[in-house]
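Reader: I have a sequence and a model in front of me and would like to go through them step by step. Can we keep to what the coordinates show?

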Amino acid sequence: MYDYDIVIKKIIMYVEENLHEPLTLENLARQSNFSKYHFHRIFQSSVGMTATEYIRMRRLANASAALLYTGERILDIALYYQFESQEAFTRSFKEVYKMPPGKYRKIMADVLKKREESYMNTKVKGWFLSGSSPYNYEMGIDHEVVHQGKASGYLKSKSVLDSTEFATMMQSFKANQFVGKRIRLSCFIRTEAVDTYAGMWMRVDDAMEDVLQFDNMSNRPIKGDTNWNRYSIVLDVPERSAVISFGIILSGQGTVWADQFTFDEVDVSTPTTNLEVQGELLDEPVNLSFDDEI
């Protein structure tokens, strides 16, 4: 089976590096080595929007950050992100952010300033910090490094000295709605100066808190500096499942941002990424003298 996930990651990386350059569906299809029709179909199926919509959304997200964190003229921001005019940029911006760019810059800059002054250690609704050394890490909301919309979540090291230390920004919920299904957890992740590893994780437990399914991307870690890209975990949710937990993990030093978490049901043709390999229970013990070869 062709690994479309690798192709989509390659295309998203290409888009992120060229948001300020002309990007066409034909060009992206050539990058993927697929026909334009086939590329359009697999991108929309994987990401949940067309490539054109994705590019527009990412340009607007970057433009919104530029409005708040730089003094660049609105026209210059619009042209840099390939909008044909300030008017075209304003129309697109209002569709997403519900106000024109100039008003957004004035109102949101003031809102953010007051928020940063008042809530230096902001809690993140629905999420909590855990891990081996949560006190050596910080989680929060970032309005400057954003993938889509107005904010992303981040987890970063503060006083981490040992690469074995880790923390996770996580949450848990009842498994009821997904029992008996195969589900895919996806999100967009960006990293900076990650020296050991970062990733996403998901775990399915039964009522006794025994692990039924688990994946923490330890076999495909994210390291160093990476731009926004999409990552996925696919796990089965067995009949006796009770709780699903998930989040982002950071081991050692660095910063990881996450945005746009989604859960969706997939069919059995989508392979799981489960790392908990539970062998078949034998009828009796074997190879007690270690004489048998593998």
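Reader: Is H147 buried or exposed?

Author: The model is a predicted one. The cut-off for a buried residue is a relative accessible area under 20%. H147 has a relative accessible area of 0%, so H147 is buried.

Reader: Which residues does H147 touch, leaving out those up to four places away in sequence?

Author: H147 sits in the loop between β2 (137-142) and β3 (152-157). Leaving out residues up to four places away in sequence, H147 touches E16, Y54, M57, R58, A61, F188, W228, D259 and Q260.

Reader: Y54 is in that list. What does Y54 itself touch, with residues up to four places away in sequence not counted?

Author: H147 is one of the partners of Y54. F188, which H147 touches, is also a partner of Y54. With residues up to four places away in sequence not counted, the full list for Y54 is I12, V15, E16, F43, V47, M49, H147 and F188.

Reader: Which residues have the most contacts inside the largest nonpolar core, and which element gives the most to this core?

Author: The largest nonpolar core has 41 residues, and those with the most contacts inside it are F43, Y54 and F89. Two or more residues come from each of α1 (4-17), α2 (25-32), α3 (36-47), α4 (51-69), α5 (74-80), α6 (86-97) and α7 (101-118). The element that gives the most to this core, with 10 residues, is α4.

Reader: Where does this core lie with respect to domain 1 and domain 2?

Author: The protein is divided into domain 1 (4-105) and domain 2 (124-265). Both domains give residues to the largest core, so this core lies between them.

Reader: How many residues are in the other core, which lies apart from that one?

Author: This other core includes M139, M200, M217 and Y231. The number of residues in it is 31.

Reader: How many residues of domain 2 are in contact with domain 1?

Author: The C-alpha centres of domain 1 and domain 2 lie 25 Å apart. On the side of domain 1, 20 residues are in contact with domain 2. On the side of domain 2, the number is 14.

Reader: How is α1 oriented to α4, and what is the hand of their crossing?

Author: The two helices pack at an angle of about 40 degrees, with their axes 11 Å apart. That angle makes α1 oblique to α4. I12, V15 and E16 of α1 make the contact with Y54, I55 and R58 of α4. The crossing of α1 and α4 is right-handed.

Reader: How are α4 and α6 oriented to each other?

Author: α4 and α6 pack at an angle of about 90 degrees, and their axes are 11 Å apart. The contact is made by R56, L60, A61, A63, S64 and L67 of α4 and by F89, S92, F93, E95, V96 and Y97 of α6. Angles of 65 to 115 degrees count as roughly perpendicular. The two helices, α4 and α6, are therefore roughly perpendicular.

Reader: What covers the buried residues of α2?

Author: In α2, the buried residues are N27, L28, A29 and S32. Just after α2, N33 takes a positive phi of about 65 degrees. The cover over the buried residues of α2 includes α1, α3 and α4.

Reader: What is the phi of K98, and is K98 buried or exposed?

Author: Most residues other than glycine have a negative phi. K98 is not a glycine, yet its phi is positive, at about 65 degrees. K98 is found in the loop between α6 and α7. At 66% relative accessibility, K98 counts as exposed.

Reader: Where is E209, and what is its phi?

Author: E209 is found in the loop between β5 (182-206) and β6 (211-215). With a relative accessible area of 63%, E209 is exposed. E209 is not a glycine, but its phi is positive, at about 70 degrees.

Reader: For the protein as a whole, what percentage of the residues is buried?

Author: The secondary structure comes to seven helices and nine strands. The C-alpha trace spans about 75 × 50 × 35 Å along its principal axes. Of the 294 residues in the protein, the buried ones make up 44%.

Note on methods: Residues are numbered from 1 along each chain as its sequence is written. This is a predicted model: local features need pLDDT of at least 70, side-chain atom pairs count only at pLDDT 80 or more; totals for chains, interfaces and linings use all residues. Side-chain values use heavy atoms; hydrogens and water are left out. A nonpolar core is a set of buried Ala, Val, Leu, Ile, Met, Phe, Trp, Tyr and Cys residues joined through side-chain atoms within 4.5 Å. Buried means under 20% relative accessible area, exposed over 50%, partly exposed in between (1.4 Å probe, protein chains only). Helices (H or I, at least four residues) and strands (E, at least two) are DSSP runs, numbered from the N terminus. Domain bounds come from an automatic or database domain assignment. Contact means heavy atoms within 4.5 Å. Axes are lines fitted to C-alpha atoms, for helices over the stretch in contact, and angles run from 0 to 180 degrees between N-to-C directions. Angles under 35 degrees count as roughly parallel, over 145 as roughly antiparallel, 65 to 115 as roughly perpendicular and the rest as oblique. A crossing is left-handed if the near helix is turned anticlockwise from the far one by less than a right angle, and right-handed if clockwise.
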